[in-house]
Amino acid sequence: MVRIGCFCRGRGSHRVPPIACLAVAIVTLTAQSASAGGNPFLRDVVPRGAQRGTETVVELTGDRLDAALAVLFHDPGITVTQLEQVDAGRVRCTFAIDPHCTIGLVRLRIRTAHGLSNLKLFSVGNLVETTEAEPNGDRKTPQAVELPITINGTITSEDVDLFAFEAQAGQVIAVEIEAMRLGDTLFDPRLALYDADGRELIAVDDTPLLQQDAALIVTAPTDGRYVVEVRETAYGGNGSSRYRLHMGSFPRPLAAFPAGGQQGTQLQVTWIGDATAIAQTVDLPSEAGSTFAVLPVVGDATAPSAVPFHVTPYATIIESEPNNDHEHATAMTAPGGASGVIGEEGDVDCYVFDGQKDQRWEARIFARRLGSPLDSVIQVRRHQGGGLAGNDDSAGPDSVARFTCPEDGRYVIEVRDLLAAGGAEFTYFLELAPIEAKLTLTMKPPQAAVAVPQGNRRAILITARRQDFGGPLTVTPLGLPAGVVAHVDTMHESVSQLPMVFEAQSDAGVAGALVDFVGRHADTTRNIEGRLEQTIELVKFENLPMRTIQVDRLALAVTEPAPFRVTIVEPKVPIVRRGAMDLPIKLERADGFDGEIEMRLIWNPPGIGSGSLRLSGDQTEGVIHLNAGNGARVGSWRIVVIATATVGGGAMEVSSQLAELRVADPYLDLAIQKARVELGQSVALTVNVTHNKPVEGQATVQLLGLPNKVVALNQPPSIGVGTETLTYDLRVDAAAPPGRHTGLFVRAVVIENGEPIVHLSTRGELFIDKPLPPKDPEAEAKRAEAKRKAAEARAQKKAERIAAAKKRRAEREAKRNADAATAPVTNPQ
């Protein structure tokens, strides 16, 4: 087991002196800690954004926000210059937004003395800001604004917001709304633009680049007043349906071409969907395998949101039309990348490359991931020949196809839209790469935030996705707050999950940090490394995620002490396959804290099942039942118990230490032999005993699971060294339930190091039959007579059939003889 203590915030690997990894001193649990609240819940951030280069007062509202200490930002560019605790559910902050802060969404949480909140988003813009002023739903009296402007508003049920402005003929009018992207609620906005006479010039619901949000760009046909209408598509809405409406003459392309390029190079980008947006030179980052977002810029005007590009490590080309068939396919290298566009309905783009026998490739389409409307389908074929692979939706709506070249030769990748749609915005990036090992880490809790109380522990569960490799892994956290250590073992090659326990010293400062994670193959020569890629669901509809956001670091906070602490009493003996164990749990409570605490394992080793434990009142001890299946993996595993209680109106969670659980082969094998008996009778039930490992002393045994009204007249007391069979004399009552009973089992307990090792037999089968009914002599005689008569009748019919057959044969023979006698005689000449 590895214990890691990181007291820095860098990405480097740091080794800590052994003294830093000693067990944390036990904190004294006090009545004051029992009043501490659980994790805060952040419901609203208002306003939903602000202009960069300004200071803005922001109100954060929710539950259990008392004792607020700081706002934790996942992205740079914003500092909090003032934080005021208004009440337990409201915090007022002043955000100072750097003039060079990246335009777009900033991820944030609130940190209190008791925990970390869920993640919320805050939008940073480039335009002057205002707030909608109700009433503004009447076409005769819309809210007047001056462009350029960003308006913060809310759509309630059946609400319509109208905003009027003056424009000159030929002026570009660009409008974009942020609604669903803010991650507040299921809010599908609709935009419409009207002229001074009330004629609708354009209406937009969903813009693929902006997901469920919308944008429009038009040229004003005349001088005069124009009105923008904002509503929910189906006239829905609620108090959480907040939006940011950006209006001006900024560039608002809906796609970009090319859609990606090679790392560290310059890309000449043509913006699509906005005739006023000129080509732009983009410097791609030096790190490949990522999505890189670019803000379209024309002069001093900047788009409110960025356009994503794919960055590849390989040389890239641009498709060359026409390339709709194999003969005219665009040549590309392997490995390599290609930017293309399905420019019209029914368009197919073909790319040809040279492959060698047994090369393994993965062809990936990046389209929907880049905001393209393309629903891609790819096919890989021999040049002018048959197919090798195809795919539609392996990466969400995007396509990924794997294949192996069967021989040296030329191969073609075909790209098209699933519904044969097309258009200028149907851009994509094709990446052809060798299949290589890849490691990705995710975790529970899904919000990627944990609070570690002073003098206590908190566990997370790391999940590793190994792609195209196997073997054990190490996972290292980087950037832990001072006074926090991490306990973690090596992840066994047979599992994909690993518990990690964070432990805060009793004198650790109340603080927060964003913790990076590095996963590596335990064999460092393999040079396989992965990081955290956690998807957080912000908006769901019927349990389907509609708006998600990714984080690459864990938010971790040291908080004030919790009113309880849990410890596993580490067993001195193993749990055996087909065995069971009662895992002892000890609980420390603060004075005055008598709340119910529920405990369970955060993770079960392979083949191990576990129950749960609830302790209330003054209860401080209990057990969690474990059982091991026949396929439980033998070895030493690390287990953790998490304990959850309601504190201060919210859930608070701590964990035990990382304890060892050994899984071993059974010392004894017990096999119950099948038995059959009638109601009201007795039967001997035999159990075969196989000794796999010498056992000191005797193993006590007990037969369990007998059906109702069935009793064992004897109970063999124990199994000794030479015991090969156990025999139980069973008495079956006449009222016992008849049928097949499979619940029988034998429980044998071996004592080792003063602790029990529980063995369980295979399930036994007992068949209980109803007795046959007694025979009736008269009825039996009648049945015998009926059988005799039936036999005679059958014999008579058989004799008749034989006689009839003989008669027919005789008649045929007589006819043949008669015919022979009357036939004329011919003399030979």
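How many aromatic pairs does the count come to? The count comes to 9. Keep in mind that this is a predicted model. Start with the rings, then move on to charges, cysteines and a few single residues.

**Stop 1: Trp 271 and Phe 309**

Select Trp 271 and Phe 309. Their ring centres are 6.2 Å apart and the planes stand at 70°, so this pair is edge-to-face. Colour the strands next. Trp 271 sits in β23 (residues 266-272) and Phe 309 in β28 (residues 307-312), so the pair ties together parts 38 residues apart in sequence. Turn on the surface: both Trp 271 and Phe 309 are buried.

**Stop 2: Phe 353 and Phe 403**

Now pick Phe 353 and Phe 403. This aromatic pair is tilted, with 6.2 Å from centre to centre and 50° between the planes. Phe 353 belongs to strand β32 (residues 348-355) and Phe 403 to strand β36 (residues 400-404); the pair links distant parts of the chain, 50 residues apart. Phe 353 is buried at 2% relative accessible area. Phe 403 is buried as well, at 4%. Add Trp 361 and Tyr 411 to the selection. Ring pairs link these two with Phe 353 and Phe 403 into a cluster.

**Stop 3: Ala 363**

Stay with Phe 403 and show what touches Ala 363. Phe 403 is one of its contacts, and others include Ile 378, Ser 399, Val 400 and Leu 432. Ala 363 lies in strand β33 (residues 360-366). Its relative accessible area is 0%, so Ala 363 counts as buried. For scale, draw a C-alpha distance to Leu 245: 39 Å in space, for residues 118 apart in sequence.

**Stop 4: Asp 468 and Arg 402**

Go back to strand β36 and select Arg 402. Its side chain meets that of Asp 468 in a salt bridge, 2.6 Å from N to O. Arg 402 is in strand β36, while Asp 468 is in the loop between β41 and β42 (473-478), 66 residues away along the chain. Asp 468 is partly exposed at 35% relative accessibility. Arg 402 is partly exposed too, at 34%.

**Stop 5: Arg 466, an arginine without a salt bridge**

Select Arg 466, in strand β41 (residues 457-467). What is the nearest side chain of opposite charge? Glu 493 is the nearest, at 7.5 Å; Arg 466 is buried yet has no salt bridge. Show backbone oxygens around its side chain. The oxygen of Val 495 lies 2.7 Å from a polar atom of that side chain. The backbone oxygen of Gly 471 lies 3.0 Å from a polar atom of the Arg 466 side chain. Beyond its sequence neighbours, Arg 466 is in contact with several residues, among them Lys 438, Pro 472, Met 491 and Ser 496.

**Stop 6: more salt bridges**

The structure holds 47 salt bridges. Select Arg 48 and Asp 184, which meet at 2.8 Å, N to O. Arg 48 lies in the loop between β2 (41-46) and β3 (49-51), and Asp 184 in the loop between β15 (172-178) and β16 (189-194), so the bridge ties together parts 136 residues apart in sequence. Arg 48 is buried at 2% relative accessibility. Asp 184 is also buried, at 16%.

Next, try Arg 90 and Glu 59. The closest N and O atoms of this salt bridge are 3.5 Å apart. Arg 90 is in strand β7 (residues 90-97) and Glu 59 in strand β4 (residues 55-63), 31 residues apart. Arg 90 is partly exposed, at 27%. Add Glu 84, Asp 87 and Arg 92: salt bridges with shared partners join them with Glu 59 and Arg 90 into one network.

**Stop 7: the cysteines**

How many disulfides does a search of the whole structure find? The search finds 0. Check Cys 101: its closest cysteine sulfur, in Cys 93, is 16 Å away, too far for a bond. Cys 350 is in no disulfide either, with the nearest cysteine sulfur, that of Cys 405, 17 Å away. Cys 101 is buried at 3% relative accessible area. Cys 350 is buried at 1%.

**Stop 8: two loop residues**

Select Gln 657, in the loop between β59 (650-655) and β60 (659-664). Gln 657 is buried, with a relative accessible area of 18%. The backbone oxygen of Ile 568 lies 2.7 Å from a polar atom of the Gln 657 side chain. Gln 657 also touches residues including Arg 457, Val 501 and Ile 639.

Finish at Pro 563, in the loop between β49 (554-559) and β50 (564-568). Pro 563 is buried, at 0% relative accessible area. Draw one last C-alpha distance, to Arg 801: 99 Å, for residues 238 apart along the chain.

How values were computed:
Residues are numbered from 1 along each chain as its sequence is written. This is a predicted model: local features need pLDDT of at least 70, side-chain atom pairs count only at pLDDT 80 or more; totals for chains, interfaces and linings use all residues. Side-chain values use heavy atoms; hydrogens and water are left out. Helices (H or I, at least four residues) and strands (E, at least two) are DSSP runs, numbered from the N terminus. Buried means under 20% relative accessible area, exposed over 50%, partly exposed in between (1.4 Å probe, protein chains only). Lys and Arg count as positive and Asp and Glu as negative; His and the chain ends are not counted. A salt bridge is a side-chain nitrogen of Lys or Arg within 4 Å of a carboxyl oxygen of Asp or Glu. A polar contact is a pair of N or O atoms within 3.5 Å; within protein, one must be able to donate a hydrogen and the other to accept it, and residues adjacent in sequence count only if both atoms are side-chain atoms. Contact means heavy atoms within 4.5 Å. A disulfide is a pair of cysteine sulfur atoms within 2.5 Å. Rings of Phe, Tyr and Trp (its six-membered ring) pair if their centres lie within 6.5 Å; planes under 30 degrees apart count as stacked, over 60 as edge-to-face and the rest as tilted. Lists of a residue's contacts leave out its neighbours within four places in sequence.
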